[in-house]
Amino acid sequence: MTGAPEGDSVSLDLLKKKMAEFAKERNWDQFHSPRNLLLALVGEVGELSEIFQWKGEVPKGLPDWKEEEKVHLGEELSDVLLYLVRLSDICGIDLGKAALRKVDLNAIKYPVSKQQSHTNSNNNGIET
């Protein structure tokens, strides 16, 4: 598997295709049930969480992080993304469309006028 050329954006469809090819070439489709993929995803989120566990608040852009720490973060973020893309594919969910729909639903649920009157709120508009 090769990555995209430097500077090119990568679509969810490309990632979906790459992950499907990767699994098929290794005969891993038999193991890629929704449950198994979800559990793997949760494990990867745990690994991602460990990176931030004892750092306290971290400023945007990670200015105090070493390059190898940023590389490691990128690897763990990628693991989470790849399992999420694979899980959505196996479940027959168009992740891009589902995400856009969720943004639209959140815009209705959290209108700008309401949020501006609650500037001290901890709600960041991302529903969990």
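Start by selecting helix H2, residues 34-52: its 19 residues reach 28 Å from the first C-alpha to the last, close to the 27 Å expected at 1.5 Å a residue. That expected span is 1.5 Å times one less than the number of residues. Helices here are DSSP runs of H or I with at least four residues, numbered from the N terminus. The model is a predicted one, in which local features need pLDDT of at least 70 and side-chain atom pairs count only at pLDDT 80 or more, while totals for chains, interfaces and linings use all residues. Residues are numbered from 1 along each chain as its sequence is written, and side-chain values use heavy atoms, with hydrogens and water left out.

**Stop 1: the two faces of H2**

Within H2, select Leu-37, Leu-41, Glu-44, Leu-48 and Ile-51, which are buried. Buried means under 20% relative accessible area, exposed means over 50%, and partly exposed lies in between, with a 1.4 Å probe and protein chains only. Look down the axis of H2: the buried residues fall within an arc of 65 degrees, so they line one face of the helix. The arc is taken from the directions from the helix axis to the C-beta atoms. Now add Arg-35 and Glu-50, exposed residues on the face of H2 turned away from the buried side. To see part of what covers the buried residues of H2, show helix H3, residues 67-91.

**Stop 2: the nonpolar core**

Next select Leu-37, Leu-41, Leu-48, Ile-51, Leu-62, Trp-65, Leu-73, Val-80 and Leu-87, the 9 residues of the largest nonpolar core. Such a core is a set of buried Ala, Val, Leu, Ile, Met, Phe, Trp, Tyr and Cys residues joined through side-chain atoms within 4.5 Å. H2 and H3 each supply at least two residues of this core, and the largest share, 4 residues, comes from H2.

Centre on Trp-65. Leaving aside neighbours within four places in sequence, Trp-65 is in contact with Ile-51, Phe-52, Lys-55, Val-58, Lys-70 and Leu-73. Contact means heavy atoms within 4.5 Å.

**Stop 3: Glu-76**

Move to Glu-76 in helix H3. Glu-76 is buried yet has no salt bridge, and the nearest side chain of opposite charge, Lys-55, is 14 Å away. For charge, Lys and Arg count as positive and Asp and Glu as negative; His and the chain ends are not counted. Not counting residues up to four places away in sequence, Glu-76 touches Glu-44, Glu-47, Leu-48 and Ile-51.

**Stop 4: salt bridges**

The whole structure holds 6 salt bridges, each a side-chain nitrogen of Lys or Arg within 4 Å of a carboxyl oxygen of Asp or Glu. Select Arg-86 and Asp-29, whose closest N and O atoms are 2.5 Å apart in a salt bridge. Arg-86 lies in H3 and Asp-29 in the loop between helix H1 (12-25) and H2, so the pair ties together parts that are 57 residues apart in sequence. Arg-86 is buried, at 3% relative accessible area, and Asp-29 is partly exposed, at 42%.

Add Asp-89, whose side chain meets that of Arg-86 in a salt bridge at 3.8 Å, N to O. Both lie in H3, 3 residues apart, about one turn of the helix. Asp-89 is partly exposed, with a relative accessible area of 26%. Asp-29, Arg-86 and Asp-89 are thus seen linked in a network of salt bridges.

Finish at Glu-25 and Arg-26, a salt bridge with its closest N and O atoms 3.3 Å apart. Glu-25 counts as exposed at 63% relative accessibility, and Arg-26 as partly exposed at 36%.
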